[in-house]
Amino acid sequence: MSTAVAEGKTWGGGNQPLQASYGKMMMWFFIVSDALTFSGFLAAYGFSRFKFIDSWPIADEVFTHFPFLHGVDAPMYYVAFMTFVLIMSSVTMVLAVDAGHHMNKAKVTLYMFLTIIGGLIFVGSQAWEWNTFIKGDYGAIQTEGGNILQFGKYVEQDGEQVFKRVAVRDIAIPATSKERVQHERKNGLWYVSEGTLPSYTMDEVIHGLQANKDVLVRTQIINEAGEKTVLSREESINQIMKNGKTVVEGANLHVNEYGSPLFADFFFFITGFHGFHVFSGVVINIIIFFNVLLGTYERRGSYEMVEKVGLYWHFVDLVWVFVFTFFYLV
Amino acid sequence: MAHEHKLEIFRGLLKFKSNTQKIWGVLILLSIVTAIEVVLGILKPEWSMVPVLGMKLLNWIFIILTIVKAYYITWDFMHMRDETKGLRRMVVWTGIFLILYLIFILLQEGGYVFDVYSDGYIKRDF
């Protein structure tokens, strides 16, 4: 073989040095860069957590709900379910890719359909999870310095004294006349507005705390046993009277009844960004699904497009595995 | 185009007859690992609470199991096992190197900021 021929073979195009098509390789490179974006977020989460290592919210106490089981303490079961749904839809995706290799249009169609359903269940679950987190559970008191004080009491359970949370709405004694009404544009200055007022004032909570003799305050600080510190009765009243500023219910980007607002910020940002990936994955899957139905890939003679969206879909699953670990387990 | 799959996992300990069978096998493996994680997360056994290298043993177990899951998702679902060595190294080592570097720097810095707070030099500055 002369050098000219060899050069033509190497540089003349149509060559695949990594045995992967251009599209597949570019999908891999996109995945690497997206993985770096996600790890940037998760590392930032780790930074903030290490910064507040002795007062970070305990995930088991935050995500304790399961749909249709109201009031049942079910930590992590729902996220475990969501994880399983996503892994399952990853499996149907890889089965679709496999059917594509065998040019089996019917099977590709079925498995793509199941993958889309799995993705929709996951996004729906995430919306439900957000809704529960935003609405909140027991409510808490925020101090001047932005710390969170929660209520609870010791109850006898199987012969042991267990600390049970008590909701602000259960102890607060509503005042007979509200002296403070929400400022609205129509009844005040037309160019300023005010956010929703807390459902209870500090006075109502203080009265409630004084009336309920067994209620104690729990701070954010994690003690040696890995639990949040519970104050004595005296210290509880003292803290609320001295430092309490406002009632907080649920979580948003500014306040978080479960502890550090940063926890809520990262939760919304990282799971939101991941949820956006799942959503766009579902949209792309739907487009490919219709292309499969129309026989585009049958005519093209290759189902490689299914393989490429498959790579993206598995990546979304891969990211969730890490989000699951660092938000819910660790 | 022929699509050849390597059909063995655990370094050849477990060999599957077809690609479909391997997919279900990997699903079972991933489900078992997730189940272990959830059970450990709920029970939080006493023995796993000992600190190892600045973190609870349980957290290390979670992280290792997560990497195990990530490995099987990438290798079998994303077919990394069937790609050439060049592509595999390009994707995996670039990611791992940069991510480890970033995590080291940020966690180190986070721990430092915590110390500054707890030693009481600065109360609230940032």
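## Getting to know a predicted two-chain model

Me: To start us off, how many bridges pair β2(A) with strand β3 of chain A?
Reply: Happy to begin there, with the note that this is a predicted model. Strand β3 (residues 160–165) of chain A runs antiparallel to β2(A). V155(A) has V162(A) as its bridge partner in β3(A). The number of bridges between β2(A) and β3(A) is six.

Me: Which residue in the turn between β2(A) and β3(A) has a positive phi?
Reply: These two strands form a hairpin, with two residues between them. In that turn, the residue with a positive phi, about 50°, is D158(A).

Me: How many residues lie between β1(A) and β2(A) in their hairpin?
Reply: Strand β1 (residues 140–143) and strand β2 (residues 148–157) of chain A pair in the antiparallel sense over two bridges. I141(A) stands opposite L149(A) in β2(A). In the turn, G146(A) has a positive phi of about 90°. The residues between the two strands number four.

Me: β2(A) also pairs with β4 of chain A, so to speak; which residue of β4(A) stands opposite Q150(A)?
Reply: Strand β4 (residues 216–222) of chain A is antiparallel to β2(A), with three bridges between them. Opposite Q150(A) in β4(A) stands R218(A).

Me: How far apart are the centres of the two domains of chain A?
Reply: The domain assignment gives domain 1 of chain A as 21–137 + 262–329, and domain 2 as 149–249. Taken over C-alpha atoms, the centres of these two domains of chain A lie apart by 37 Å.

Me: And what separates the domain centres of chain B?
Reply: Chain B is divided into domain 1 (1–82) and domain 2 (84–126). Between their C-alpha centres the separation is 25 Å.

Me: What span should helix α5 of chain A have?
Reply: Helix α5 of chain A covers residues 105–135, which is 31 residues. At 1.5 Å a residue, an expected span follows, and the distance between the end C-alpha atoms agrees with it. Both the expected and the actual value are 45 Å.

Me: Which helices do the buried residues of α5(A) pack against?
Reply: The buried residues of α5(A) include V108(A), Y111(A), M112(A) and F133(A). Their packing partners in chain A are α4 (77–101), α9 (261–294) and α11 (304–329).

Me: What percentage of residues 108–128 of chain A is helix?
Reply: UniProt, in an unreviewed entry, lists residues 108–128 of chain A among its "transmembrane region" spans. The end C-alpha atoms of residues 108–128 are 30 Å apart, and the strand content is 0%. The helix content is 100%.

Me: Is V316(A) buried or exposed?
Reply: V316(A) is in helix α11 of chain A. Leaving out residues up to four places away in sequence, V316(A) touches H277(A), V278(A) and G281(A). Because 24 other C-beta atoms lie within 10 Å, and 20 or more are enough to count, V316(A) is buried.

Me: Which helix gives the most to the side of chain A that touches chain B?
Reply: The contact takes 42 residues from chain A and 42 residues from chain B. On the side of chain A, α2 (22–51), α4 and α11 each supply at least two residues. The helix that gives the most, with 15 residues, is α2(A).

Me: How many charged residues does the side of chain A that touches chain B have?
Reply: Sorted by class, this side of chain A has 26 nonpolar and 12 polar residues. The number of charged residues is four.

Key. Residues are numbered from 1 along each chain as its sequence is written. Chains are lettered from A and ligands numbered from 1 in the order in which they are written. This is a predicted model: local features need pLDDT of at least 70, side-chain atom pairs count only at pLDDT 80 or more; totals for chains, interfaces and linings use all residues. The expected span of a helix is 1.5 Å times one less than its number of residues. A residue is buried if 20 or more other C-beta atoms lie within 10 Å of its own, exposed if 12 or fewer, and partly exposed in between; C-beta atoms are placed from the backbone. Two residues are in contact if their C-beta atoms, placed from the backbone, lie within 7 Å. Domain bounds come from an automatic or database domain assignment. UniProt positions are given in the numbering used here, feature names are shortened, and annotations may be inferred rather than shown by experiment. Two strands pair if DSSP finds at least two bridges between them. Ala, Val, Leu, Ile, Met, Phe, Trp, Tyr, Cys and Pro count as nonpolar, Asp, Glu, Lys and Arg as charged, and the others, Gly among them, as polar.
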